[in-house]
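Visitor: Please take me through a single part of this protein in detail, and state each cut-off where a term first appears.

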Amino acid sequence: MRLGVLDIGSNTGHLLVFDVHGGAAPMPAYSHKEPLRLAEHLDAAGAVTEQGAASLAEFVASSLRVAEDKGCEDMFGFATSAVRDASNAEEVLAGVKEQTGVDIAVLPGEDEARLTFLAVRRWFGWSSGRLAVFDIGGGSLEVASGADEAPDVAQSLPLGAGRLTREWLPAHPHDPDTVRSLRKHIRAEIARGAGAVLRGGHPDHAVATSKTFRSLARICGSAPYGEGLQVRRTLPAEVLAEMIPTLVEMSPEERSELPGVSANRAHQLVAGALVAEAVLDLFDLTELEICPWALREGVVLERLDQLSILG
């Protein structure tokens, strides 16, 4: 069967169409996405602006048409941090449903971490042992760890690259004192919950997902995705630490010319790099391996598991 997964993220709205059947890996069949930047379309009160809400409704309507055109039997949508934390989330999603007929569920942060962990476990398998999984989104950082398919620990921290850029680094050039203060803030937030992860023991396999981690790995020397999903890609702690001062000095336009960095995310790269560096340091990791599967695949896999039980 063909399923559509509509992911309303803090940076991007993304419809991914999958061909799926029990016992097989979900295969992407079509992708439709737009850079909504909802994390940056929040007013002083933390509400999604009229422009942000209108862009969201327009994207959902276009995604519904695409899903129908591509033969999807079902489409299910979810929203993550930017909508989840917005003071007018219910109003915005009610407006989307009224205009499009599509019901968008708000995914709790812990579920976001749990489903990403499920996707990583299925990709790497049981031979990976105890996993630690990290995902930097636009609005939040997800952290999960465990030795089973469900994590022992699932955390969502307000450390997304878009959120931190909006609150701390809205313009270039970046003030060195502000960068240092942001670095301190990030590390304090992660350290607050790190004990729950570390009590389970050092991970056998530390993994990262998300566009931010993929971009950082690419500029630190990993292979381009044109070489295939099976190629091992890593983000080395030492190389990243050496790269950060250069990233801080570069303008967003200069960063967008780096390999693997898109123009619409280049301005967020410094904040994302500071979060990644903190993860590697605070969890005593020499590198993170990049997993091509993440939240959307986790949502599909759980859906398939539910259909299998019902069937």
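Guide: A residue is called buried when its relative accessible area is under 20%, exposed when it is over 50%, and partly exposed in between (1.4 Å probe, protein chains only). Helices (DSSP runs of H or I, at least four residues) and strands (E, at least two) are numbered from the N terminus. The model is predicted, with local features needing pLDDT of at least 70, side-chain atom pairs counting only at pLDDT 80 or more, and totals for chains, interfaces and linings using all residues. Residues are numbered from 1 along each chain as its sequence is written, and side-chain values use heavy atoms, with hydrogens and water left out.

The part I would choose is helix H10 (269–282), together with what surrounds it. H10 has 14 residues and reaches 20 Å from its first C-alpha to its last, close to the 20 Å expected at 1.5 Å a residue, where the expected span is 1.5 Å times one less than the number of residues. Because 12 of its 14 residues are buried, H10 is largely enclosed by the rest of the structure. The buried residues run from Leu-269, Val-270, Ala-271, Gly-272, Ala-273 and Leu-274 through Val-275, Ala-276, Glu-277, Ala-278, Val-279 and Leu-280. Just after H10, Asp-284 takes a positive phi of about 55°.

One partner of H10 is helix H5 (residues 161–168), whose axis comes within 8 Å of that of H10 and crosses it at roughly 115°; axes here are lines fitted to C-alpha atoms, for helices over the stretch in contact, and angles run from 0 to 180 degrees between N-to-C directions. At this crossing, Ala-161, Leu-164 and Thr-165 of H5 meet Ala-271, Gly-272 and Val-275 of H10, contact meaning heavy atoms within 4.5 Å. By class, this contact has four nonpolar, two polar and no charged residues (Ala, Val, Leu, Ile, Met, Phe, Trp, Tyr, Cys and Pro count as nonpolar, Asp, Glu, Lys and Arg as charged, and the others, Gly among them, as polar). In the loop between H5 and helix H6 (176–198) lies Pro-173, which is joined to His-172 by a cis peptide bond with omega of about 5°.

On the other side in sequence, the loop between helix H9 (252–255) and H10 holds His-267. With a relative accessible area of 18%, His-267 falls in the buried class, and its side chain makes a polar contact of 2.8 Å with that of Glu-40 (a pair of N or O atoms within 3.5 Å; within protein, one must be able to donate a hydrogen and the other to accept it, and residues adjacent in sequence count only if both atoms are side-chain atoms). Leaving aside neighbours within four places in sequence, His-267 is in contact with Arg-37, Glu-40, Thr-165, Pro-252 and Arg-255, and Thr-165 is also one of the H5 residues that meet H10.

Arg-37, another of the residues in contact with His-267, sits in the loop between strand E3 (27–34) and helix H1. Arg-37 counts as partly exposed because its relative accessible area is 25%. Most residues other than glycine have a negative phi, and most peptide bonds are trans. Arg-37, although not a glycine, has a positive phi of about 55°.
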